[in-house]
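Here is a short walk through one protein model. Keep the sequence and the 3D view side by side as you read.

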Amino acid sequence: MRTRIGTRLILGAGLTTAVVIGGMAFTVIRSHTAQLLAERTRSADQLSETIKSSTHFDMLENRRDNLHRQIRSVGGLQGQGIRKVRVFNKEGRIMFSSASEEIGTSLDTRGEACYACHQEGRPLDRLEINARARVFRAPDGSRMLGLIAPIPNEPSCSTADCHAHSSKQSLLGVLDVNVSLAEVDREISRSRMVILSSAILAILAGSLMLWWLNRRLVVRPVAALVEGTRRVSEGDLSATIPVNGRHELSQLARAFNDMTSNLADTHRQLAQADKLASVGRLAAGIAHEINNPLTGVLSYASLLRKRMEHDASACEDLDVIVRETVRCRGIIRGLLDFARPAAPARKPMDLNDVIRRSVSVVMTQLSLHQVDLSLGLAPDLPTVQADANQIEQVVVNLLLNAADAIGEAGGHIRATTRLGPGDTIELLLQDSGHGIPAEDLPRIFEPFFTTKGNHGTGLGLAVSWGIMEAHGGALEVQSELGQGTCFTLRLPTHPDPEGRKPILPTIT
């Protein structure tokens with residue numbers, strides 16, 4: 001069964017969150033338990049010191065009845081959690097106890113109640129509070145805290161009249177106080193419930209947040225990417241993916257949209273290139289079949305024209321035949337140039353010089369159309385390996401097209417050269433003509449497509465594009481109706497040593 005990436009992310013993040021929160025909860029519970037036990041231990045130690053202080057003079061004067069009464073009284077405070085109070089002598093015999101049945105009995109000095117003082121076989125004079133405390137279970141199963149408080153020998157004890165102890169004896173006995181940990185255990189249980197409930201709620205809230213973020217940041221973008229990929233695989237290159245946010249998936253969506261846009265442009269260009277190749281092959285065959293008959297028609301029409309110079313009416317008809325035949329031959333020549341362009345004879349070429357020669361060729365025609373031509377030629381352009389004659393043919397064709405677009409009312413053309421992107425140089429030809437309609441832009445490089453009516457053959461731009469293709473360059477056009485047109489001719493400064501495919505024309 002397939003598992004989604006988002007589900008895996010949620011499970012992984014949820015488990016990690018649960019482990020982290022569980023570890024934190026365990027640490028907090030453990031710390032809180034230790035804190036409660038430490039407070040209870042300090043309370044028991046204070047109680048021990050209080051009992052020792054209150055019974056000090058009774059012990060000093062050996063008032064045993066008072067000692068029994070006070071110990072039974074303190075040991076009877078069951079409501080305050082005190083379960084038992086006992087006094088041991090140094091041999092482990094119970095001398096006083098709140099449980100009268102224990103008086104006179106002895107404990108094993110190796111037991112848990114005596115181990116702290118008698119470890120390593122000898123009593124210790126001073127012990128830390130933690131070393132004197134022990135936790136054990138009572139017969140009823142409840143937890144108990146036992147705290148022993150050594151009763152040291154004092155000078156007053158060794159010099160008293162009632163009884164005497166040797167001054168060399170450092171420890172007279174031990175006071176053992178047992179208190180219940182039931183309240184502590186209840187507090188620990190409540191704390192555990194609160195902490196565990198908070199941890200579970202935090203895990204659930206985190207999982208819900210992860211689920212929401214997964215839906216918003218992963219599931220929907222991934223679903224959109226899958227849908228867009230499916231549409232592209234079915235041939236719909238107009239498919240786009242909404243770009244939301246600034247995360248990695250939005251960058252992927254943006255890259256996907258750029259990819260589909262480039263694929264669409266490449267598809268259009270390849271379709272156009274295939275169309276041009278098909279038309280070229282057809283044109284080559286037609287031109288070859290038509291060229292010879294046209295030559296015969298032109299020759300015989302010219303001979304008849306010379307023989308019938310006395311017949312003005314016949315001469316006019318023959319002139320029409322000759323003129324139209326010459327026009328047809330020009331179209332056939334254009335077809336041949338388009339279908340079987342000559343390979344460029346690459347030599348070092350200065351683009352600025354080519355532009356100046358091209359301008360000298362068309363300057364008279366531009367003047368007749370009242371077109372002003374201005375040049376902005378960069379002086380530091382590098383030379384390029386290209387066929388100067390073919391590039392001049394392209395420039396002349398573009399200049400004449402610009403003059404035709406301006407019309408009889410006059411206008412201006414601006415020719416600019418500059419360094420292009422990468423290792424290229426560019427020629428920009430901008431005119432103030434009427435512009436090209438948006439619906440005609442994708443077809444301007446097609447053979448026989450023209451907006452000039454009978455004044456054009458529709459082969460000039462197709463041939464120009466073929467020349468630029470052969471040079472590994474590009475021919476781009478930008479136009480807006482009523483705002484003029486700008487053609488950009490781009491040539492590489494170095495020939496392509498790897499024989500990569502040439503740049504296709506770009507239309508915007």
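Are Asp176 and Arg86 buried or exposed? Both are buried. Keep in mind that this is a predicted model.

Start with that pair. The side chains of Asp176 and Arg86 meet in a salt bridge, with N to O at 2.7 Å. Now trace the chain between them. Arg86 sits in strand β1, which covers residues 82-89. Asp176 sits in strand β5, which covers residues 171-180. The two residues are 90 residues apart, so the pair counts as a link between distant parts of the chain.This salt bridge is one of 12 in the structure.

Move on to a second pair. Arg143 forms a salt bridge with Asp185. Their closest N and O atoms are 2.7 Å apart. Here, too, the pair links distant parts of the chain. Arg143 belongs to strand β4, residues 143-152. Asp185 belongs to helix α7, residues 182-233. The separation is 42 residues. How exposed is Arg143? Arg143 is partly exposed, because its relative accessible area is 21%, and buried means under 20%. Asp185 is partly exposed as well, with a relative accessible area of 21%.

Stay in helix α7 for a third pair. Glu187 and Arg190 both lie in this helix. They form a salt bridge, and the closest N and O atoms are 2.6 Å apart. What separates them along the chain? They are 3 residues apart, about one turn of the helix. An α-helix has 3.6 residues a turn, so residues three or four places apart point the same way. Glu187 is partly exposed, with a relative accessible area of 27%. Arg190 is partly exposed too, at 42%. The pair is part of a wider set: salt bridges that share partners join Glu183, Arg186, Glu187 and Arg190 into one network.

Now turn to another helix, α12, at residues 460-470. Why is α12 described as largely enclosed by the rest of the structure? It is because 8 of its 11 residues are buried. Find them in the view. They begin with Leu461, Ala462, Val463 and Ser464. Trp465, Gly466, Ile467 and Met468 are buried as well. After the helix comes Gly472. The phi of Gly472 is positive, near 70°.

Go back over the stops. Asp176 and Arg86 are a buried pair. Arg143 and Asp185 join strand β4 to helix α7. Glu187 and Arg190 meet within helix α7. Helix α12 is largely enclosed by the rest of the structure.

Conventions: Residues numbered from 1 in each chain as written. Predicted model: local features only at pLDDT ≥ 70, side-chain atom pairs only at ≥ 80, totals over all residues. Heavy atoms only, no water. Salt bridge = Lys/Arg side-chain N within 4 Å of Asp/Glu carboxyl O. Helix = DSSP H or I, 4+ residues; strand = E, 2+ residues; numbered from the N terminus. Buried < 20%, exposed > 50% of the residue type's maximum accessible area, 1.4 Å probe, protein only.
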